[in-house]
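Today I opened a new page for this model. Here is what I looked up, in the order I went through it.

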Amino acid sequence: MARTSGRPETIFDSIVNRLISELPGVATPSNCYHTIDPSDAAAPAPGELNFAVAPLAGDADEGYFEGGGLAQLFIRGGFVVRLVSPIALDSQGRSAEALGHRSRGLWRVARLVVKALANPEWSPTDAGGNEIVRDIICPRGYAFEQGDGFSAMELRFSLNFDWDVSNTTTEAGD
């Protein structure tokens, strides 16, 4: 497998597909998806989690660009996986079930997500099987939110890649 530049849409497709394949029965095509604003993630159906995968801001590395131009458009960025849980078994002001439920608790599911995405033996790939990120995906932190009828955890990851801007056509199959 060669390492090459990649397109953000291909990288994020690979991330969503990885979650679906590594968390069978938990992450599915209907509850694991791309979004720009993860805080707008739809409320999941009763008993089901949502996995909203969103890009974080990215910075271009000026030194690489000055040396290689568009062929070396290195982006240092990240992404977030927002887990939204409808578990409402806790009494007011408590979160033991939302956090620790044996199959759907946020801590357990977060471990599964980190294990799937930050695995040094896996990397997002293109259709040809080429690795399309510069470095392994690394966990960067997490945050929680409690809302009316839901609990959410955002897992933040690094995502560094050389952005492939060589083909800018908009034809199908691009």
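I began at A143, which stands opposite E154 in strand 6. Strand 6 covers residues 150-162 and runs antiparallel to strand 5, with eight bridges joining the two; strands pair if DSSP finds at least two bridges between them. In their hairpin, two residues lie between the strands, and G149 takes a positive phi near 90°.

A note on sources: this is a predicted model, where local features need pLDDT of at least 70, side-chain atom pairs count only at pLDDT 80 or more, and totals for chains, interfaces and linings use all residues. Residues are numbered from 1 along each chain as its sequence is written, and side-chain values use heavy atoms, with hydrogens and water left out.

Next I looked up Y142, which sits in strand 5 (residues 139-147). Y142 is partly exposed, at a relative accessible area of 45% (buried is under 20%, exposed over 50%, partly exposed in between, with a 1.4 Å probe and protein chains only). Together with W107 and F144, Y142 makes a nonpolar surface patch of about 310 Å². Such patches take residues with over 30% relative accessible area and no salt bridge (a side-chain nitrogen of Lys or Arg within 4 Å of a carboxyl oxygen of Asp or Glu), and nonpolar side chains are joined within 5 Å, like charges within 9 Å.

Then I turned to helix 4; helices are DSSP runs of H or I with at least four residues, strands E runs of at least two, numbered from the N terminus. Which residues of helix 4 are buried? I found L106, V109, A110, V113, A116 and L117. Seen down the axis, these buried residues fall within an arc of 130° (from the directions of the C-beta atoms), so they line one face of helix 4. On the other side, R111 and K115 are exposed.

Technical notes:
Areas by Shrake-Rupley, 256 points an atom, 1.4 Å probe, with all protein chains shown as cover.
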